[in-house]
Amino acid sequence: MAQWDALVDAVLARLASRNLLRATRPIALAPSPAPAETFAGPGPWDRAAVEIQLDRATLHQWLAEGGEATGQEEEVDDKFILFSGNDYMGLSSHPAIRKAAVKAAQEYGMGPRGSALICGYTTYHKLVEESLAELKKKEDCLLCPTGFSANMAVMTALGSVSSLLSVGRKPAEGERIAVFSDALNHASIIDGIRLVERQQEVVAFVYKHCDMHHLDLLLLFSMDGDFAPLPELVKLRRKYGFLLVIDDAHGTLVCGENGGGAPELFGCENDIDISVGTLSKAAGCQGGFIVCSNRWKRLIQSRGRSFIFSTALPVPVVASVHAALHVSKKERWRRSVIWRHVQYFASLTKLDLTSPIISIVVGSEEAALRAGRHMLRSGFHVTPIRPPTVPQNSCRLRITLSASHSLDDIKRLVDALSPWLPDKHDEQTYVMASKL
Ligand SMILES: Cc1ncc(COP(=O)(O)O)c(C=O)c1O
């Protein structure tokens, strides 16, 4: 990847010569020491991560949605087990994480008061960046307000490579960066690509979901293209020398022995150039991050507009992330439990699952709404996913498992799902495990 390093160095030199290189100037805080409070197994606080109550008006509206109006309000319990969140490790309700946020709020207040480059960045942010870089085995890390903004920042920084190298004019077609993106990539990646495409900085190619053959063909047509997602992507990266950027929003803390994410699981951390993640899923908190080399960080913090022009994460949130990373390191049993839950769900349903995200495709929008109502009546918060999120007639129930669920929660969920499980339903119904 020496070629990429040379390009980034050239861009950094350009920015430096125009006084456009930016760096954070952390405000000194005294971060709390890592919380001592970790546990050998689940506690009552875990129930708070999955037990919810719906307000009655919302509940009745939901039950009436797309259904036959009876004019009468149904008698349904308003308490549910949540199977639609992204809190895979059940950390959002952990005592150490709650306390870290409370303590930081009491000591420092909420408002970060500005963006990271102005005055919103503190030594607490820096500490969390160092922990994330260590977890992901990368040189450096940049915290962003959200995962969405992290992906946008990577894309705008990437686009700036072509425009900064063609000073005073738009990059010619052959000078633009070729971006190869999976057809099912997250909206934040798509919007980032659309933006830099509009700026005429990149040329985008979309390959069929997880279809490495298709990607290989596209790369062949455009040899100077750099990009793409794992073991096969790594092989292609070796073949073509592209910059491999991944979004590990759902894998971080869940996959790999240490929670390093999909690259740790597949043992290919060194082959990933830039990895984007979110702190709003398995970390149970909020925020986004980019782990990369120090030179990429310098570029992204100088050119990544969604990082530069957005208020930094509040210190209590950063303190809660710090605690979450510590708990994830100490309570390794949470990772074992979530994967045992996946196996248990698979054994009850005889489904071939690869992750805690399970999509049960039920077909039409009406069928999905009906299935959602059935799940509500059975005491489960499971959201029907409909167009435009998914294509017509592939509406689904999206179920997510958490280490905070009990085996009984899962058994009862599977019983309630039985009309939509393969052996009980027509051949149109099928189940698939989403890729992390
Ligand atoms: C794959 C993926 N990338 C990025 C994001 C955005 O993360 P955040 O919610 O922190 O903005 C999400 C979450 O919605 C996601 O699922």
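**Two domains and a ligand site**

Colleague: Glad to look at this one with you. Into which domains is the protein divided?

Modeller: Happy to help; keep in mind that this is a predicted model. Residues 94-327 make up domain 2. The other part is assembled from 48-68, 76-88 and 356-434, and that is domain 1.

Colleague: What pLDDT does the protein average?

Modeller: The model scores ipTM 0.99 and pTM 0.93. Of the residues, 94% score at least 70. The average pLDDT of the protein is 91.

Colleague: Over which residues does pLDDT stay under 50, with 32 contacts beyond four places in sequence?

Modeller: One caution applies here: where pLDDT is low, the predicted coordinates should not be read in detail. A stretch with pLDDT below 50 is 424-436, which has 35 contacts in the model beyond near neighbours in sequence. The stretch you ask about, with its 32 contacts, is residues 221-228.

Colleague: Now the interface. How much area do domain 1 and domain 2 bury between them?

Modeller: The centres of the two domains, taken over C-alpha atoms, are 30 Å apart. Seven residues of domain 1 are in contact with six of domain 2. Carbon and sulfur atoms hold 63% of the buried area, and the total is about 470 Å².

Colleague: Which residues of domain 1 lose the most area to domain 2?

Modeller: Three residues together account for 71% of what the domain 1 side buries. They are Asn86, Asp87 and Tyr88.

Colleague: How many residue pairs are in polar contact across the interface of domain 1 and domain 2?

Modeller: On the side of domain 1 that touches domain 2, there are four nonpolar residues, one polar and two charged. The salt bridge count between the domains is zero. For polar contact, both at pLDDT 80 or more, the number of residue pairs is two.

Colleague: And the ligand: which side chain has an N or O atom 2.6 Å from an oxygen atom of the ligand?

Modeller: The ligand is surrounded by 13 residues, and among the closest are Gly147 and Asp247. Lys281 places a polar side-chain atom 3.1 Å from a ligand oxygen. For His250, the distance from a side-chain N or O atom to a ligand oxygen is 2.7 Å. The side chain at 2.6 Å belongs to Thr278.

Notes. Residues are numbered from 1 along each chain as its sequence is written. Side-chain values use heavy atoms; hydrogens and water are left out. pLDDT is the predictor's confidence in each residue, from 0 to 100. Contact means heavy atoms within 4.5 Å. Domain bounds come from an automatic or database domain assignment. Buried area is the accessible area (1.4 Å probe) that two parts lose on being put together, summed over both. A salt bridge is a side-chain nitrogen of Lys or Arg within 4 Å of a carboxyl oxygen of Asp or Glu. A polar contact is a pair of N or O atoms within 3.5 Å; within protein, one must be able to donate a hydrogen and the other to accept it, and residues adjacent in sequence count only if both atoms are side-chain atoms. Ala, Val, Leu, Ile, Met, Phe, Trp, Tyr, Cys and Pro count as nonpolar, Asp, Glu, Lys and Arg as charged, and the others, Gly among them, as polar. A residue is near a molecule or strand if one of its heavy atoms lies within 4 Å of it.
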